[in-house]
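Colleague: Could you take me through one part of this model in detail, beginning with how far its coordinates may be trusted?

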Amino acid sequence: MSPTAVHSLWTTAADPISKIDAPKIEYGQLSPTLIVISAAIVGVLVEAFVPRRSRYYAQVFVSVVALAAAFAAVVGLAAGGYATTKGHIAAMGAVAVDGPALFLQGVILLTGLVAVFTFAERRLDPEAHGNRVDSFAAQAASVPGSDSERAAVKAGFTTTEVFPLALFAIGGMLVFPAANDLLTLFVALEVFSLPLYLLCALARRKRIMSQEAAVKYFLLGAFASAFTLFGIALLYGYAGSVSYATIAQVVDGSVRTVDPALANTMGNDALLLIGGAMVVMGLLFKVGAVPFHMWTPDVYQGAPTPVTGFMAAATKVAAFGALLRLLYVVLPGLRWDWRPVMWAVAIVTMLGGAIVAITQTDIKRLLAYSSIAHAGFILAGVIAMNPDGISSVLFYLAAYSFVTLGAFAVVTLVRDAGGEATHLSKWAGLGRRSPLVAAVFAVFLLAFAGIPLTSGFAGKFAVFKAAAEGGATPLVVIGVISSAIAAFFYIRVIVLMFFSEPRPEGPTVAVPSPLTSTAIALGVAVTLVLGLAPQYFLDLAGQAGVFVR
Amino acid sequence: MQNLIALLVAAPLLGAAVLLCGGRRLDRSGHLIGTLLAAVSFVIGVVLFSDLLGRGADDRTLNQHLFSWVPVGGFRADIAFQLDQLSMTFVLLISGVGTLIHIYSIGYMEHDERRRRFFGYLNLFLAAMLLLVLADNYLLLYVGWEGVGLASYLLIGFWQHKPSAATAAKKAFLVNRVGDLGLSIAIMLMFTTFGTFAFGPVLHSVGDAGEGRLTAIGLMLLLAACGKSAQVPLQSWLGDAMEGPTPVSALIHAATMVTAGVYLITRSGALFNAAPTAQLAVTVVGAVTLLFGAIVGCAKDDIKKALAGSTMSQIGYMVLAAGLGPIGYVFAIMHLVTHGFFKAGLFLGAGSVMHGMNDEVDMRRYGGLRKHMPVTFVTFGLGYLAIIGFPGLSGFFSKDKIIEAAFAKGGTEGWVLGGAALLGAAITAYYMTRVMIMTFFGAERWRNAATTSPDEPSAEPAAEHRGEHAEPHPHESPRSMTIPMIVLAFGSVFAGAFFGIGDRFLRWLEPVTGHQEGNSPVGAATVTIATMVLLVVGAGIAYLQYGRRPVPAVAPRGSLLTRAARRDLLQDDFNHVVLVRGGEHLTRSLVYVDHTLVDGVVNGTAASFGGLSGRLRRLQNGYARSYAVSMFGGAALIVAATLLMRAV
């Protein structure tokens, strides 16, 4: 560092405090996030001060009320015009309040609410020592199989921390698609990732597997975060700013100098390309696109199933929201550089997810690969680079998240002595024993496969249409081929459930409390409504599909 | 006012949903809910009707657009309704007669433990049929069309414990599928020709399309109409459909289902007018069917099957009239409405007779019932007079007009069609008189029914349902059954005169269907007199055969024609030889190709994907370090590719 630079640093620091403007925060417009984060903090206080036996009820109450209130705030903001005409960048340029952000926040809050229902389910596992238990470990800190674990189970401990953890994660997810500068993006990424790593480790049964999943997720997640952070640094070097708007202006050449201190690096295209690719890569990791998908099957399988459902639905929504904003707001001037690469990623993601899913034998792994294939389909819509691309992706995310939550909720119901019976062979003949549960699961599978009259068809149709209009017809062809491959393994499960002889030692279907029933019923209802009358919701997504810049 | 249209469909649909999803707790009240909602639909229909009457003749079309289902490019599937004079006529018939049949069913199905479900299906039937006639485009019409098919399947097979009923339901469904295929092809052709399904645009731009196209569409629509309306060659399901409970027969024959084909042809009138070949085919089908049905009706000893043959024949009249073009549309619909009254009345009467006779259907075991069931006798008798076209009653006005119109077609065609229609009138008089005499007059043959040998060869599949060979005790049916019969009898007597005198119905319907007078080679009076003469001849022969001589308890062997007619003119034998055998051969050869060629390709593809999947799966080895390497490699590739893109 040159002496002049050091001098300038000293003198800057010595300037009177009065020169710093107090940040102007639009609390009303940020209220959904603020409500959720405050509720998470209240949840931590509940853990600290409320007696053990009432914690569960207090936590469920706080979570449900906070999520419902936050959703009401989102609806209020959208009704107030922030989703369309009054779209606006709040908090000194850090957070966007616009259509896509509010739409995705609404979806995240609803899926979060439904996920909290499945977290709170306490009727599926048989009672342990007279205490009702949920899907989470009695005491996360105790070593699996140890005396302290047995003692914790006997004492009826429950890990009610999952509720504040989920709220923190949801809080981060709310900021993620709305983040309007790279630092906010990164902070939000970490805020929602860290609680998820923890949640993955908390399964009540198969704890070793659950902990392994969490460690893998954490290691790879940290690795991906490092890429993202490095990419952010490079982009800052290129543009001299972390703000989306400024970077976009530098990219398209309307602004040249931002910071004289960066005169050497600014405008260096290599920094832009490498930095952009690395930030995008971090987001592709979160959505589970090939080749950054490897964590998905292991983590989906090991995590407690309610967490898997939550993660699969909400993380995907948040990460695709951030990806959309990054590509459409920051890097549209660069689309001739990144589009071919994204094409390739979308193709290998669609084909890879669908092909590997064929030979899966575990229902949770199967759904994990299915989620990879779906990430590919959504990427096809993202690449379209037209207004329909945005709205179709928004619609797809809303449709997909409810199908996913419902499907994983059904997985929690099918159980044998070892907990959930996730091996596919155990699902044989389920349709004869529990026609209703099998029929509901069949609806979800048909929606995943994209059969008409389900939301999956409407969503797939919308993204493929947008992609075709955006000039990506080959991508659509490959998408349809992948859908055909994917239909094979979805329908194979249906055939297995309805046309195979039940096995004598087969699993039983647990009778859930109204919590899980509500989650599943909502999933079915949304799937059918979006499938039968998609136009209203496509219009809604279309109205919301404009980014504020 | 137009916002009420959707409620017409919604009320019975709601009823169906409530009754079918409500479960056992609705067992006690289900039939009342179902009847109430059918009546609600009728009341809404009346309100809308009075609204239409208050408007000028050219202003009587109401539209309601609910929403568009997936508009994509040029493809628009609208959930939208259109109510005009034609739809209104059908709405009143469907909901009015439908409601009466609901009321009747309360009594008829009283002892059936699945009565709630029965009413749910009845409501579904009404909803589907109302949707069919209210749709403003062919695609939505198709939804109703399929709904009618589904509901008829459920109702014909309602007594599913009887294998014959289950088979009959399947048969009706399958035969209808053939017709449905025609409708779906017609709709696709319409879309490729006109780019839309909506009635307005399609029918107004008929002039822009080539005649070949229009003929193809017309023939496909005719195929569809043949399926639903039981016209030759897709007539075979109608007779077997009598396996359903009698109210269902009444509903299928009078108010819903079989009228759908006539509606379709009349609605597509503009299209048929521009495709004379298709129109000729319609008249031929109508003429053949009206004779076919009439002949079959003469030979049946099962009262319901005799009436079924009669329906086929009467619908034949309507199709014939609809095929005549603008000179016939109005009369087709007018006959449809009057037929709705008297056929519903006849079926409900037949049901009432069966109700009093331990579910006996063989007319050879009836006789002399007029003393025991006076109300049924009088209402059935009025229906009988109406259907044979007794002067002054409903059938007289509507059928006479169709015969006149057939002659007015002109040329040889006119003579042939008119002759067939006249001959049909004579046969109608014959078989209906036969039914009347065998049921209500003559010796009380049921008195010794218990002693006749039970193992006589009998064609009726209902044989096992006939009770315990105990002597029946004929009695009049309960009030809930007789009142609908009385109401329908009023319609049978007065509807024709009300419509016909002063051309009231003509003026009502003309703005929709158009009308022109034909120039008949024979005068109207001549036709009427000829009809009357033939009527007397037909009824007289029947009287001589069945009124003067005792009716044998076992049917005589009869002539070749009689035996053929008893077997429905060999329709099933024909289908078996031509379609089933031929189909089997075709299937076998296709299966061969499928196994060797198609499966080879498909299984090969599947196996290669499976192998690929197995290999790719091994990449997922469970080690976080390998995953990290894959991510690093992916990142390197992406960065390299991005830089490369810039360099190129």
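Modeller: In this predicted model, residues 451-468 of chain B keep a pLDDT under 50; pLDDT is the predictor's confidence in each residue, from 0 to 100. For that stretch the model has 26 contacts beyond four places in sequence, a contact being heavy atoms within 4.5 Å. Where pLDDT is low, the predicted coordinates should not be read in detail. Chain B nevertheless averages a pLDDT of 86, with 96% of its residues scoring at least 70. Among its elements, helix H22 (residues 560-566) has the lowest mean, 77, and helix H4 (residues 115-134) the highest, 93. Helices (H or I, at least four residues) are DSSP runs, numbered from the N terminus.

Helix H6 of chain B, residues 163-194, has 32 residues. From first C-alpha to last it reaches 46 Å, close to the 46 Å expected at 1.5 Å a residue, that is, 1.5 Å times one less than its number of residues. H6(B) bends by about 25° at B:Val178, the angle between axes fitted to the seven residues ending there and the seven starting there. Just after H6(B), B:Gly195 takes a positive phi of about 75°.

As to scope, residues are numbered from 1 along each chain as written, and chains are lettered from A and ligands numbered from 1 in the order written. Local features need pLDDT of at least 70, side-chain atom pairs count only at pLDDT 80 or more, and totals for chains, interfaces and linings use all residues, while side-chain values use heavy atoms, with hydrogens and water left out. The model scores ipTM 0.88 and pTM 0.70.

Conventions: Helix = DSSP H or I, 4+ residues; strand = E, 2+ residues; numbered from the N terminus.
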